[in-house]
Amino acid sequence: LGIALLFYTALSLLQKIEEAFNQIWDVPHARGLGRRFSEYLSVLLVGPVLLFAGLGVVTSALSNEWFQQLAAIEPLGALLLGLGRVMPYLLICLAFAFLYVFLTNTQVRLIPALAGGIFAGVLWYATGLIFARFVANSSGYSAIYSGFAAVVLFVIWVNAGWLIILVGAQVACYWQ
């Protein structure tokens, strides 16, 4: 029963995201039930696997002995270190672009989706850093109020994250 409710909740959430993206792109109708089910499950299964696999490859490559020897060569080492620092941002931006291309029930070109994904990814990551710093500083209050502050800040972060995703979709729509 729990797994069935989990799938229902996840599919319902993706349906709401598709409805919001379709409204931004002025798409009059949603996908059919069968197509919706198969494509939503592919997003739920393939998307996180690709994202975490990419992060895992970057992490394992940075700790690899061969990579450490290659990074010892100075101009190449600085480039590889910079690429390692930029890779999480790049993966977040690509994940947002994937959402804009795959969840909208219309043909979204790659360049506008990447523009919206880059905009939303940079804004989402910067906002996440601001919220993390704010939550870390809220622990200085008394023990009772810091627990409430963390819950309120989490709700604000969820709303701000959703707003950032929608603004990124708007950017992609206007770019196209």
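Contact here means heavy atoms within 4.5 Å. The exercises below use that cut-off on a predicted model.

**Exercise 1. Overall architecture**

Task: State how many helices and strands the chain has, and give the extent of its C-alpha trace.

Solution.
- Step 1. The secondary structure amounts to six helices and zero strands. Along the sequence this reads α-α-α-α-α-α.
- Step 2. The C-alpha trace spans about 55 × 45 × 40 Å along its principal axes.
- Step 3. The chain has 176 residues, and 32% of them count as buried.
- Step 4. Take the contacts between residues at least 6 apart in sequence: 73% of these join residues at least 24 apart.
- Step 5. The accessible surface is about 11400 Å², with 74% of it belonging to carbon and sulfur atoms.

**Exercise 2. Asn22 and Asn105**

Task: Determine where Asn22 and Asn105 lie, whether each is buried or exposed, and what each one contacts.

Solution.
- Step 1. Asn22 belongs to helix H1, residues 2-24. Asn105 sits in the loop between H4 and helix H5 (110-138).
- Step 2. Buried means under 20% relative accessible area. Asn22 has 4% relative accessibility, so it counts as buried. Asn105 has a relative accessible area of 14% and is therefore buried.
- Step 3. Setting aside neighbours within four places in sequence, Asn22 is in contact with Val27, His29, Ala30, Leu103, Thr104 and Asn105.
- Step 4. With residues up to four places away not counted, Asn105 touches Glu18, Asn22, Val27, His29, Ala30, Arg31 and Arg35.
- Step 5. Compare the two lists: Val27, His29 and Ala30 appear in both, and each asparagine appears in the list of the other.

**Exercise 3. Tyr40**

Task: Place Tyr40 in the secondary structure, classify its accessibility and list its contacts.

Solution.
- Step 1. Tyr40 is in helix H2.
- Step 2. The relative accessibility of Tyr40 is 1%, so this residue counts as buried.
- Step 3. Beyond its neighbours within four places in sequence, Tyr40 is in contact with Leu11, Leu14, Gln15, Glu18, Arg31 and Leu103.
- Step 4. For a distance check, the C-alpha atoms of Tyr40 and Val158 are separated by 21 Å, and the two residues are 118 residues apart along the chain.

**Exercise 4. The salt bridge**

Task: Find which side chains form a salt bridge and how the two residues are spaced in their helix.

Solution.
- Step 1. Side chains of opposite charge can pair when their charged atoms come close.
- Step 2. The cut-off is a side-chain nitrogen of Lys or Arg within 4 Å of a carboxyl oxygen of Asp or Glu. The count under this rule is one salt bridge.
- Step 3. Lys16 and Glu19 meet in a salt bridge through their side chains, at 3.9 Å from N to O.
- Step 4. Lys16 and Glu19 are three residues apart in helix H1, so about one helical turn separates them.
- Step 5. Glu19 counts as partly exposed because its relative accessibility is 36%.

**Exercise 5. A positive phi**

Task: Locate Asp26, and state what is notable about its phi.

Solution.
- Step 1. Most residues other than glycine have a negative phi.
- Step 2. Phi of Asp26 is near 60°, a positive value in a residue other than glycine.
- Step 3. Asp26 lies in the loop between H1 and H2. With a relative accessible area of 68%, Asp26 is exposed.

**Exercise 6. Patch and pocket**

Task: Identify the residues of the nonpolar surface patch, and describe the lining of the largest pocket.

Solution.
- Step 1. The nonpolar patch is formed by Val86, Tyr89, Leu90, Leu94 and Leu129, which together have about 440 Å² of accessible area.
- Step 2. Helix H4 (residues 74-103) gives the most to this patch, with four residues. Val86 is placed in helix H4 and is partly exposed, with a relative accessible area of 46%.
- Step 3. The largest pocket has a volume of about 760 Å³. It is lined by 21 residues, and the closest to its centre are Pro48, Leu51, Ala95, Phe96 and Leu99.
- Step 4. At least two lining residues come from each of H1, helix H2 (33-63), H4 and helix H6 (143-175). H4 supplies the largest share, seven residues.

Methods:
Residues numbered from 1 in each chain as written. Predicted model: local features only at pLDDT ≥ 70, side-chain atom pairs only at ≥ 80, totals over all residues. Heavy atoms only, no water. Buried < 20%, exposed > 50% of the residue type's maximum accessible area, 1.4 Å probe, protein only. Patch = residues over 30% accessible without salt bridge, like charges linked within 9 Å, V, L, I, M, F, W, Y side chains within 5 Å. Areas by Shrake-Rupley, 256 points an atom, 1.4 Å probe, with all protein chains shown as cover. 1 Å grid on protein atoms, 1.4 Å probe; cavity = no way out; pocket = protein on both sides within 12 Å on 5 of 7 lines; lining within 4 Å. Points joined across faces, edges and corners; volume = space filled by probe spheres on them.
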